[in-house]
Every structure is written in structure tokens, then in C-alpha cells.
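Please open the structure in your viewer and keep the selection panel at hand. The tour below moves from one selection to the next and says what is to be found at each stop.

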Amino acid sequence: MPNKKEYSLIEAIETIGAEVDPDVDIVTVKMVGSAKAPVVRVYIDYPGGVTFDVLAETQKWISEILDEIDPFTGSYTLEVSSPGPDRPLRTPKHFEGAKGETVKIKTSEAVEGRKNFTGELLNVSEKQVVLALEEGNCEIPFEYIAKANIRDK
């Protein structure tokens, strides 16, 4: 899951972006590279798929948001892209859209004696997800999910 800085960027982009283009789903934000010149990767989804025009327009308004909130002391590079086939899952809505898919989840705390899970996503609620594993179903609380994504086939 995103760190504190990434969460603050997601929140700012989602809040303002909801007014600019409510159809754009901010899947996640990742910051990589050095602290002095980070690369900010914003992964988006869009009904009907992410096209070049959607990427270009979204990059423009996200860049304006970042310029306005000025979250970095120096320069940064902004990259906006589709999450790809192994898309990250961050919100209950993301998990809901992945029901029936094979997902990989890493947890921060042990659940049933382990921290790594791969199985079919059966159910989602506001508090947990339910995976079908070889040994049976497993309930994983959202608060324990450190990283989750659809498993690339």
C-alpha cells in the first residue's frame, strides 16, 4: 500500500480530479528515485480503457494539481500510465472490480499463520476480502493488507 506521502498525493489528486474528470480512477501513486528528484508515477483507469488522449489530458491536470500544492522542495518527474495487467488493488472498489480474479496479497500482520496469499477473490466488504485458497477460504482484514494486485496470467 502507499506510504504517507503517496497517500497525501492520492488524496489531493482524487479530491481535485473528481471535479475535473470524475471518470478517471486514481489506482495508486508510487514515488521512486531519489528524494531530491523523485519520479511520481500515477496509475489511472478509465471506463472503456486508458487511451493516449486520456493519458495526455489526465497528465495535464495532475501536473497542474502538483504545481499548485507543491509537494516537493525540488524538481520531480511526473509519469501517468495504465496500471497494466497486474494492476494494484488499493480500495474496496478496486477489489470489488477484481472479484473472480486471481489476486496476490501480502499482509503486514500474519493471518492464519502467514503473510502471503494467492487465490481467487470471492468476496469484498468494507472491512475485509475473502480469498479461495487451496486449503479453504481465508478472510483478510483490509487493515492488514500491505500490498495487493491482480496476478498476471
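Strands in this tour are DSSP runs of E with at least two residues, helices are runs of H or I with at least four, and both are numbered from the N terminus. With that naming in place, select Phe117, whose place is in strand β5, and keep in mind that the model you are looking at is predicted.

Is Phe117 buried or exposed? Its relative accessible area is 2%, and because buried means under 20%, Phe117 counts as buried. Show the residues around Phe117 next: leaving aside neighbours within four places in sequence, Phe117 is in contact with Val103, Lys104, Ile105, Thr107, Val111, Leu131, Leu133, Cys138 and Ile140. If you then add Val20 to the selection, you will find a residue that is 97 residues from Phe117 in sequence and 37 Å from Phe117 in space, C-alpha to C-alpha.

Now colour the strands β4 and β5, which run antiparallel and are joined by 6 bridges. These two strands form a hairpin with 2 residues between them, and Glu112 in the turn has a positive phi of about 50 degrees. Beside the turn, select Val111, which stands opposite Arg114 in β5. Strand β4 also pairs with β8, again in the antiparallel sense, over 5 bridges; to see this pairing, select Thr107, which stands opposite Ile145 in β8.

From the strands, turn to the side chains. In soluble globular proteins, nonpolar side chains tend to be buried together. Which residues touch the most other members of the largest nonpolar core? Among its 18 residues, they are Phe95, Ile105, Val129 and Ile140. At least two residues of this core come from each of β4 (102-111), β5 (114-124), β6 (128-133), β7 (136-141) and β8 (145-150). Centre the view on Ile105, and, leaving aside its neighbours within four places in sequence, you can list its contacts as Phe95, Lys115, Asn116, Phe117, Val129, Leu131, Ile140, Ile145, Lys147 and Ala148. A second core, separate from this one, has 17 residues and includes Ile26, Val40, Val54 and Val80.

The next stop concerns aromatic rings, of which the structure holds 2 pairs. Select Phe72 and Tyr76, whose ring centres are 5.1 Å apart and whose planes are at 40 degrees, so that this pair is tilted. Phe72 counts as buried at 10% relative accessibility, whereas Tyr76, at 22%, counts as partly exposed. Then select Phe95 and Phe142, where the ring centres are 5.2 Å apart and the planes are at 80 degrees, so that the pair is edge-to-face. Because Phe95 lies in helix α3 (residues 92-97) and Phe142 in the loop between β7 and β8, this pair ties together parts that are 47 residues apart in sequence. Both Phe95 and Phe142 are buried. Before leaving the rings, return to Phe72 and add Lys5, whose charged end sits over the ring of Phe72 at 5.1 Å from its centre.

Finish in helix α3 by selecting His94, which lies there and is buried, with a relative accessible area of 6%. Not counting residues up to four places away in sequence, His94 touches Asp25, Ile26, Val27, Arg87 and Leu89; of these, Ile26 has already appeared on the tour, as one of the residues of the second core.

Note on methods:
Residues numbered from 1 in each chain as written. Predicted model: local features only at pLDDT ≥ 70, side-chain atom pairs only at ≥ 80, totals over all residues. Heavy atoms only, no water. Core = buried A, V, L, I, M, F, W, Y, C linked by side-chain atoms within 4.5 Å. Buried < 20%, exposed > 50% of the residue type's maximum accessible area, 1.4 Å probe, protein only. Contact = heavy atoms within 4.5 Å. Pairing = 2+ DSSP bridges. Phe/Tyr/Trp six-rings, centres within 6.5 Å; stacked < 30°, edge-to-face > 60°. Lys NZ or Arg CZ within 6 Å of the ring centre and 35° of its normal.
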